[in-house]
Amino acid sequence: MDHNIIIIGGGASALMLASLLPKNTATIIESNPKPGAKILVSGGGKCNITNSRMGTQYFIGDTNFVQEALNKFNEKALLQWLERQNLHPVLRKETQYFCKDSAKELLDIFLKESQKQTLCTSERVLKVSKRDEIFYVKTNKRIHTAKVVVVASGGLSFPKIGASSIGYEIAESFGHTVVKTAPALVGFTVQKEQFFFKELSGVSTDVKIHVGDNVCEGALLFAHKGMSGPAVLDASLYWEKGKIEIDFLPNFSWKSVQGSKKQISSLLPMPKRVIKAFLLQFRLEDKPFHKLTKQEFETLQTLSHYSLSPAGTFGYAKAEVTKGGVETSEVDSRTMMSKKENGLYFIGEVLDVTGRLGGYNFQWAFSSAYTCAKNIVTRL
């Protein structure tokens, strides 16, 4: 089958690209029975589309590369585009834009917009090769040919909804470097010293987590496997191995409680179950605060700088995104085209760019798709 443009993948970046290209110019090849599976499950089904606080500081990856795409299509441009499609995202948590009712609202727009292109579902790409300026895209059903191929196949997260390594395999087959991948925006498993976290499963408390020079604030959720919650997911983006430090009492002043006759468990601004679990670990009795010895007080103060080494993460099955990916120095930031192969493009999560929690990864998907679309339209 001959096509102008083949888009490999049917996620956020692929659907945005298909929406922005002229009618009947592209074919989307998606391994799932329907496109947009990951959009539907993101943000608890509400889909956190973007964030009013936008900038390269919210991403890991080459700053200039990310900035170029954000300059072309930022959060304001995205919101305007969505408004024109009659989608009016709502602001939650001060800075995060979500679909009003469900992620289906966003997906419906993309499905409507991408109807102007050809959609091949339940079709898995096996390999891509090139001969005489023509790309040959071999799938489990047939061979497609095109002058332009856009790899928008995402990362390895959520294998149960079709995630695969095909994007990285294509990149490597054309001589690209793939930066080592890892699950990101994911919970941490713990060492045996923190196994007591598991007994607190379901309890949440606000924390500040320090990973190297990065600080992640928000809720920590104790889980069966260890710990999760927004602050932990953010911290996983920066963690590779070694220690992290958790402040379980952010914005709390120890001076304000000195001499207090209240019980420790009533005094500290944390869920009682959590305080009691820590007291047990510290071998401290829950007693009036003023009766603490100097040494006991110092032990208790470690709650403000509790150091631990995660055993690992919950893995790709639970990770919202994949960090690592196609090396961006080998891709033109102005066009998203490979510097190694004319007509081959990479957009979205398959690239070595990962955003924090809060709509940044969707913004990256849309900004990189827009950058790519602009260049392809010029070429056409």
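Is Glu 113 buried or exposed? In this predicted model, Glu 113 counts as buried, because its relative accessibility is 18% and the cut-off for buried is under 20%.

## Overall architecture

The chain contains 12 helices and 21 strands. Along the principal axes, its C-alpha atoms fill a box of roughly 80 × 40 × 35 Å. Of the 380 residues in the chain, 55% are buried.

Contacts between parts that are remote in sequence feature strongly in the chain. Among contacts with a separation of 6 or more, 71% are accounted for by residues 24 or more positions apart.

## Nonpolar cores

In soluble globular proteins, nonpolar side chains tend to be buried together. In this model the largest nonpolar core has 70 residues, and the members that touch the most others are Ile 7, Ile 39, Leu 106 and Phe 366. Helix 12, which spans residues 360-379, gives the most to this core, with 9 residues.

The surroundings of Phe 366 can be listed individually. Residues up to four places away in sequence aside, Phe 366 touches Ala 12, Met 16, Ile 49, Phe 73, Leu 78, Leu 106 and Phe 110. A second core, separate from this one, comprises 48 residues, including Val 190, Val 232, Leu 279 and Leu 303.

## Packing of helix 3 against helix 12

Helix 12 also packs against helix 3 (residues 63-72), with an angle of about 75 degrees and the axes 8 Å apart. Helix 3 is therefore roughly perpendicular to helix 12, since angles from 65 to 115 degrees fall in that class.

On the side of helix 3, the contact is made by Phe 65, Val 66, Ala 69, Leu 70 and Lys 72; on the side of helix 12, by Gln 363, Trp 364, Ser 367, Ser 368, Tyr 370 and Thr 371. By residue class, this contact has 6 nonpolar, 4 polar and 1 charged.

## Salt bridges

The structure holds 11 salt bridges. One of them joins Glu 113 to Lys 116, with 3.8 Å between the closest N and O atoms. Glu 113 is buried at 18% relative accessibility, whereas Lys 116, at 21%, counts as partly exposed. The two residues fall in separate classes because the limit for buried is under 20%.

Another salt bridge links Arg 356 with Asp 234, where the closest N and O atoms are 3.3 Å apart. Arg 356 lies in the loop between strand 21 (354-355) and helix 12, and Asp 234 in helix 8 (residues 230-238), so the pair ties together parts that are 122 residues apart in sequence. Arg 356 counts as buried at 15% relative accessibility, and Asp 234 counts as buried at 8%. A further salt bridge brings together the side chains of Glu 296 and Lys 287, at 2.9 Å from N to O. Glu 296 is buried, with a relative accessible area of 19%, and Lys 287 is buried at 13% relative accessibility.

## Helix 10 and its surroundings

Which residues of helix 10 are buried? In this helix, residues 272-281, they are Val 274, Ile 275, Ala 277, Phe 278 and Leu 279. Leu 279 is also one of the residues of the second nonpolar core.

The elements covering the buried residues of helix 10 include three helices and two strands by name: helix 7 (196-199), helix 9 (264-267), helix 11 (294-301), strand 14 (214-223) and strand 17 (306-308). Just after helix 10, Arg 283 adopts a positive phi of about 55 degrees.

## Helix 6 and Ile 166

Helix 6 covers residues 166-173 and includes Ile 166. Its buried residues are Ile 166, Gly 167, Tyr 168, Ile 170 and Ala 171. Gly 175, which follows helix 6, has a positive phi, near 85 degrees.

Ile 166 counts as buried because its relative accessibility is 10%, with the cut-off at under 20%. Neighbours within four places in sequence aside, Ile 166 is in contact with Val 125, Leu 126, Lys 127 and Ser 153. Between Ile 166 and Lys 127 the C-alpha to C-alpha distance is 7.7 Å, although the two are 39 residues apart in sequence.

Definitions and conventions
Residues numbered from 1 in each chain as written. Heavy atoms only, no water. Core = buried A, V, L, I, M, F, W, Y, C linked by side-chain atoms within 4.5 Å. Buried < 20%, exposed > 50% of the residue type's maximum accessible area, 1.4 Å probe, protein only. Helix = DSSP H or I, 4+ residues; strand = E, 2+ residues; numbered from the N terminus. Contact = heavy atoms within 4.5 Å. Salt bridge = Lys/Arg side-chain N within 4 Å of Asp/Glu carboxyl O. Axes fitted to C-alpha atoms, helices over the stretch in contact; angles between N-to-C directions. Parallel < 35°, antiparallel > 145°, perpendicular 65-115°, else oblique. Nonpolar A, V, L, I, M, F, W, Y, C, P; charged D, E, K, R; others polar.
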